[in-house]
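Reader: I have just opened this one and would like to be walked through it slowly. Could you start with any term I will need, and then go from one part to the next?

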Amino acid sequence: MTRAQPVIDAPACYHCGLPVPAGSRFVAVIDGAQRSMCCAGCQAVAEAIAGEGLTSYYRSRSAYAARQQEATSDDLALYDLPEVQRDFVRDIDGAREATLILEGITCAACIWLNERHLAGLPGVQAVEINYTTHRARVRWDPALVSLSAILAAVSAIGYRAFPATGSSAEQARRRESRTALWRLFVAAFGMMQVMMYAVPTYLAQDGSMSRDILALMHVASLILTVPVIFYSAAPFLLGAWRDLKLRRLGMDVPVALGIGVAFAASTYAPFAGVGEVYFDSIAMFVFFLLCARYLEMRARQKAAASLEYLERALPLAAHRLRDYPASRDTDEVPAVSLKPGDWVLVKPGEAVPADGVLVDGETETDESLLSGESRPVVKRVGMPLVAGAVNRLSPAILRVEQVGEATRASHIRRLTERAAAQRPPLVEITDRIAAWFVAGVLAVAAATALFWVSTDGSRALWVTVAVLVVTCPCALSLATPTALAVSIGTLARRGVVATRGHAIEALSRVTHVVFDKTGTLTQGRLTMVAFEPLGGVTRGQALALAAALEQGSEHPIASTIQAAAAAEGVMAPTPVAVRTVAGSGVEGRIDGVLHRIGNAEFVSALTGTPAPPRDFAAATPVWLGHERGWLAALTFTDSLRPDAAQVIAALQTAGKRIIILSGDEPVVVRAIAERLGVADVEGGLPPEAKHARVRALQEQGAVVAMVGDGVNDAPVLAQAQLSIAMGSGAVLSQAQSDLVLLEGRLGRLLEAFSVARRTMGIVRQNLAWAVAYNVVALPFAIAGYVTPWLAGIGMGASSLIVVLNALRLGHDRTEGSGLRTRDSGRTQGRRTTDERARDEQKAEGAAPDTGHPANSSVLSPD
Amino acid sequence: MDILYLLIPLSLVLVFLIGAVFWWSLQGGQFDDLEGPAHRILQDDDDPSPPPR
């Protein structure tokens, strides 16, 4: 258990809060004090911020900044092309305006920092950033500054900006949110004012109020209730109508029934001169339901907005082949400028930019975002490729057939819709309960009516109405959605995005957590520590061959080899028939000879001899060979994520089984597992074997959460009950997963588990309360003791309790930042970076002049 | 109590007036960002010592 300790005690990077590696020499001077930094990226960003006098960001932030990503290869100049800008830039009085999505926003101070920084650029006329949606509206003078300069300025201070192209989806979302708020307001104001008219009538039961005044009050209530029923409650009425047409009973049916009956009876009563008036109860009921719907919608929109970068699954740029088939040189061009007949290279892990036909290469594509079919589709030469499908295996060359805004826009819409609109199964279960509930209520109401007709006919109608009003399943229908909405919102604030509704429920039931190694437990940034040419080739020759084979690959090793080759000025030849074998390596023909790079088994199948003996200790070996022998041995190491040990220890303490399944060499994987204290570990597994292992676990009744990253994990992620992807990983695996840990911090996983556990607790409490309320209230209604004001109070109180109970999830932050564990004495050691950031806030609030404590031992309040 | 014959219709008119004002502010986008302004007010726009650029 002590192994978790060193991690938390390492000094934290002043910029991003991650531990500073031992011996790091990165420092930045902020407000006159030297601060240690974890990497060159953070250092550069901190220096840029300090250089502009914006250091008050560090004083006012409430969360650490996102970890700096590697420099991206996106060519920003692309965004200055008119045909690219056409999509998202508007002309306003000679100035240009665009909406940008900002990535890396962690707290309100980030908004301020970005606004100040951009407003300081010459030529930028206006910047306005929405905190909720992380969108910036920027207006600039094209004569003074270019869009690419603005985007570059954003990345200089450690954020990323890219244009929001789905402007129609954006408008739809804004419309939805405004309409919902307006409905809520109409209901709220109607409720308050109707209550003002109702309370005097309750107090003046003795007849001290004249009939005229009473009638006036009723008419006024009616006038205000009409918009509440026919505008605010319209979604429920329409939903119930749809349900009835489909001959089923959903949750909307009892709601509509209750509202409808109470409204009709209340309208009739004053004219007939008998009976009760329920206008206040109806208005309050509608208001509470809309509150829950509004909360739910906001949480959904927020989650969708933070995943908006998945839109990049549809690339803005494409690799166009200049004069295929003569050469394979590519130009980076905007995807919109592609024309039918162009040849395009699609690398593994990238999305297909336009509809077309495969002309070279054999690969598999994933069309799950478009068709919902999660199995990869094998594509051979001559088969069609759909824009938006993701290339999974090897580089493919495509002849463009159809381009067009229409297809792309629809893909984006489907992508965001899927993330946003899926109904959680938990809610559907409540709906199924509702069907029985409605049937029960109708039966009880009918029985009540029969009973009263036979005893006291004049009261039969009003007692039946009271039964229907009291049993209106307000609390029941609020119980689950409010709790889920609040917890999705809470998670999103902590950097965990739930893309599918069932994530929270599944999370609370997980028994086994399966980790992939590359990029999940480790940084995923491999460094090449040795390159040994074999069999008489020179270092340069071997490196060139390795770089050539890895050209089209997205694997972390590929970029390292490319970088090494570039640093040594080696020219890589162009291979043909390149094929990626998932989990093994890459092969391709160079000058007619088949070469392979990958694990020993894969390469020795080609060379025909076993790999020369080498001691790699815990490093990852990669071999290069061709048909006649071995060419080089490459050694890579990958360091553990700083919080990996802590997270694993906490999960084990909470009683979860931890399993590591990796495609890397068993020796390496075992070495890492040993450092983490994980016994159940398997290395050298191809994706199919991982998939089989997970399925075997599930057959034994395990609920498996798979934490993965990278293209080769996609099938396993799909098999697990709950899939969790790292926000820094491949876009494909994020699009397929249920939870995304933004900023690539593993520690967020613990918070997600804790929030999920508390959410399910709250859902159970809420359902229990709602059922209890109905069970208690029903006998009184049947017996005829429920007056309208009693019905109003009962309904209001039960709904309010349910909603407030759900809201506890968002507020009570003192408890549950780690997992509930058997030994509570260790909670101190498992504090999250978030909490430490808050403590830093507190400490600074108390003593603003002491500057910034630079490591975590000082961060804790004294 | 006769004043109620005036006050109740008046309260109705007021409700609709307030509703109209809210509608106007909603359409003007004032409710689009419900969290940002609360934080923004805490940020100091003019840092006391911005170094010359």
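Author: Let me begin with a definition: a residue counts as buried when its relative accessible area is under 20%, as exposed when that value is over 50%, and as partly exposed in between. Please also keep in mind that this is a predicted model.

Reader: Thanks. So is A44(A) buried, exposed or partly exposed?

Author: A44(A) has a relative accessible area of 45%, which lies between the two cut-offs, so A44(A) is partly exposed. This residue is located in helix α2 of chain A, which covers residues 40-51. Its C-alpha atom and that of F26(A) are separated by 9.4 Å, with the two residues 18 apart along the chain.

Reader: And what about N114(A), buried or exposed?

Author: N114(A) is buried, and its relative accessible area is 0%. It belongs to helix α5, residues 108-119 of chain A, and, leaving aside residues up to four places away in sequence, N114(A) touches L102(A), I105(A), I129(A), V154(A), I157(A) and Y159(A).

Reader: Which residues does N774(A) touch, then?

Author: Not counting residues up to four places away in sequence, N774(A) is in contact with F437(A), V470(A) and T471(A). N774(A) sits in helix α27, residues 748-782 of chain A, and with a relative accessibility of 9% this residue counts as buried.

Reader: Let me step back to the whole chain. How many helices and strands does chain A have?

Author: Chain A has 30 helices and 29 strands. It is made of 862 residues, of which 57% count as buried, and its accessible surface is about 34800 Å², with 58% of that belonging to carbon and sulfur atoms. Among the contacts in chain A with a separation of 6 or more, 68% are between residues 24 or more positions apart.

Reader: Which residues touch the most other members in the largest nonpolar core?

Author: Those are I259(A), Y278(A), I282(A), V286(A) and F287(A), in a core of 78 residues. Helix α11 of chain A, residues 279-306, gives the most to this core, contributing 14 residues. As for Y278(A), its contacts beyond four places in sequence include W462(A), V465(A), V786(A) and P788(A). Another core, of 56 residues, lies apart from the largest one, and M37(A), A108(A), V127(A) and Y159(A) are among its members.

Reader: Now the sheets, please. What is the strand order in the open sheet of six strands?

Author: The order is β19-β24-β23-β22-β21-β20 in chain A, and the pairing is antiparallel. At the edges are β19 (527-533) and β20 (576-581) of chain A, each of which pairs on one side only. Neighbouring strands of this sheet are turned by 15° against each other on average, direction ignored. Helix α21 of chain A, residues 600-607, packs on the sheet and touches β20, β21, β22, β23 and β24, and its direction makes about 160° with that of β22(A). Within the sheet, β23 (residues 620-626) and β24 (residues 629-637) of chain A are joined by seven bridges, and V622(A) stands opposite L634(A) in β24(A).

Reader: And the open sheet of seven strands, why is one side of each edge strand left without a neighbour?

Author: The edge strands β17 (496-498) and β26 (680-682) of chain A each have a single partner strand, so one side of each has no neighbour in the sheet. The full order is β17-β29-β28-β27-β18-β25-β26 in chain A, with mixed pairing. Strand β25 of chain A, residues 657-661, runs parallel to β26(A) and is joined to it by three bridges, and the bridge partner of I660(A) in β26(A) is V681(A). Helix α24 of chain A, residues 687-699, lies across β18, β25, β26 and β27, at about 160° to β25(A).

Reader: One last thing: which residues of helix α23 of chain A are buried?

Author: In α23, residues 666-676 of chain A, the buried ones are V668(A), V669(A), I672(A), A673(A) and L676(A). Seen down the axis of α23(A), they fall within an arc of 130°, so they line one face of the helix. The face turned away from that buried side carries the exposed residues V667(A), E674(A) and R675(A). After α23(A) comes G677(A), which has a positive phi near 75°.

Key. Residues are numbered from 1 along each chain as its sequence is written. Chains are lettered from A and ligands numbered from 1 in the order in which they are written. This is a predicted model: local features need pLDDT of at least 70, side-chain atom pairs count only at pLDDT 80 or more; totals for chains, interfaces and linings use all residues. Side-chain values use heavy atoms; hydrogens and water are left out. Two strands pair if DSSP finds at least two bridges between them. Helices (H or I, at least four residues) and strands (E, at least two) are DSSP runs, numbered from the N terminus. Axes are lines fitted to C-alpha atoms, for helices over the stretch in contact, and angles run from 0 to 180 degrees between N-to-C directions. Contact means heavy atoms within 4.5 Å. Buried means under 20% relative accessible area, exposed over 50%, partly exposed in between (1.4 Å probe, protein chains only). The arc is that of the directions from the helix axis to the C-beta atoms. Accessible areas come from the Shrake-Rupley method with a 1.4 Å probe; for residues, only the protein chains shown count as cover. A nonpolar core is a set of buried Ala, Val, Leu, Ile, Met, Phe, Trp, Tyr and Cys residues joined through side-chain atoms within 4.5 Å.
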